[in-house]
Amino acid sequence: MNFDSLGLRAELLRAVQAQGYETATPIQAKSIPVVLEGRDVMASAQTGTGKTAAFALPTLHRLAESTRPRGPVRALVLTPTRELAAQVHDNVRDYGRDLKLSSAVVFGGVNINPQIDKLKRGVDVLIATPGRLIDLMQRRSIDLGRLEVLILDEADRMLDMGFLPAIQRILKALPKQRQTLLFSATFSREITQLAQQFLQDPVRIETAPPNSTVEAIAQKAIPVDQAKKRELLSWMIGSNDWRQVLVFTRTKHGANRLAKQLESDGVSAAAIHGNKSQGARTRALGEFKSGRIRALVATDIAARGLDIEQLPHVVNYDIPEVPEDYVHRIGRTGRAGRDGLAVSLVCGAEHGKFEAVRKLVKVEIPTETIEGYTPTEPLNHSTKSPRGGGGGGGRGRGRGQGGPSGNRNARGRGAPRSANGGGRANSSRRNDGKRSGGRNGNRNGNRNAA
Ligand code: AMP
């Protein structure tokens, strides 16, 4: 749908055009008219669907329509992470560039005083993480008594991160007469309860069926023993010449360790997770975006909301505990129509967890075995308790529909450009095989759609 027909002010249409947006995404087409009417909204939308503009454009429109003088906060966006807060703020600034509205972002991990000063000068739109906002409320540095619009962005993730008490506390401090917009990738029972408690007769908006993955993304699963994952990853990055790959691990410790190991394999890498300072996170993200580092190793929570344009590769080094996280992870590839590749390295113990992912995404994820990495660990079919048997990597019954896109970028060099520098023990035989097989090893490797 064209933006012109949505009823937005000319300043906003100009800004949208300057962003290069040609048509409204489904979530925008459905949300913008309803938000403009002043209704409460409960929308299911994942990162990458254009949800920020879906709430920001009509909110800016409504604020611009009334001529209240600058003063206490008029619209508040709550986000789970600092990175997402900063991105939403960037978008609000871009969209509102021709409007006389002020905005600010506040989050923890940085000095609070400049944030207090900014609030004193008057802010129309405030983007905040819940913890820092509570801090500001306790210091009486913020006046939310005249708030007109509240937006809960990625509400499911805020609850996953334990922000429910903070959110309830914030909500109770807000005027009852307001518009509330709740955006969430999934609608759990807790989210629905939150909506029942704090939204008034919300319009429910759903776009793509929840938990479906974007078709433009090629997905594949590679069975491999846990102990071989790191070596396989270094080899894949090197032999396919992947320049920008986002790697997910389950734990912060795992992220640190893997980033160090990749570095020792000659793949420039950095870890990003909640224990890193804001400065370190921003630096790592900047280096990744500029191409100075090839691999960014992240935990789910730290990576949430990262907006990295043209990210072609996502690797699930660990299969997520919660299958929905798979959808969030791979949602970062294939944005705005670009296609991407999401590879999951599945060890025997993760077999059951990955089967849960397969059930959730409802898209066939082909399995590809890589020569030299056929697993030997038994498969655990359950998502909970291990059950032996099965063995191996599911060879046989190839249906010829593997994920050939894995080698789109390969230049056929075979050997990793910089990986393997560490000369690890145990790897020479396998490396020899891989090097000579190289790309063909991938291409002709036995694939079967599991
Ligand atoms: P979001 O889901 O808000 O994180 O947006 C994901 C990406 O899509 C951002 O880079 C936006 O700039 C971009 N985007 C948002 N709306 C549109 C649109 N209508 N057309 C093209 N790109 C868009």
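Q: What makes the pair of an oxygen atom of the ligand and a polar backbone atom of Gly50 a polar contact?
A: The two atoms are 2.7 Å apart. A polar contact is a pair of N or O atoms within 3.5 Å (within protein, one must be able to donate a hydrogen and the other to accept it, and residues adjacent in sequence count only if both atoms are side-chain atoms), so this pair qualifies. This is a predicted model: local features need pLDDT of at least 70, side-chain atom pairs count only at pLDDT 80 or more, and totals for chains, interfaces and linings use all residues. Residues are numbered from 1 along each chain as its sequence is written, and side-chain values use heavy atoms, without hydrogens and water.

Q: How do you know that Lys51 also makes a polar contact with the ligand?
A: A polar backbone atom of Lys51 is 3.3 Å from an oxygen atom of the ligand, and this value is within 3.5 Å, so the pair counts.

Q: Why is Glu154 called buried?
A: Its relative accessibility is 2%. Buried means under 20% relative accessible area, exposed over 50%, and partly exposed in between (1.4 Å probe, protein chains only), so Glu154 is buried.

Q: Why is Asp201 called exposed?
A: Asp201 has a relative accessible area of 59%, which is over 50%, so the residue is exposed.

Q: What makes the phi of Glu154 and of Asp201 notable?
A: Most residues other than glycine have a negative phi. Glu154, however, has a positive phi near 55 degrees, and Asp201 has one of about 45 degrees.
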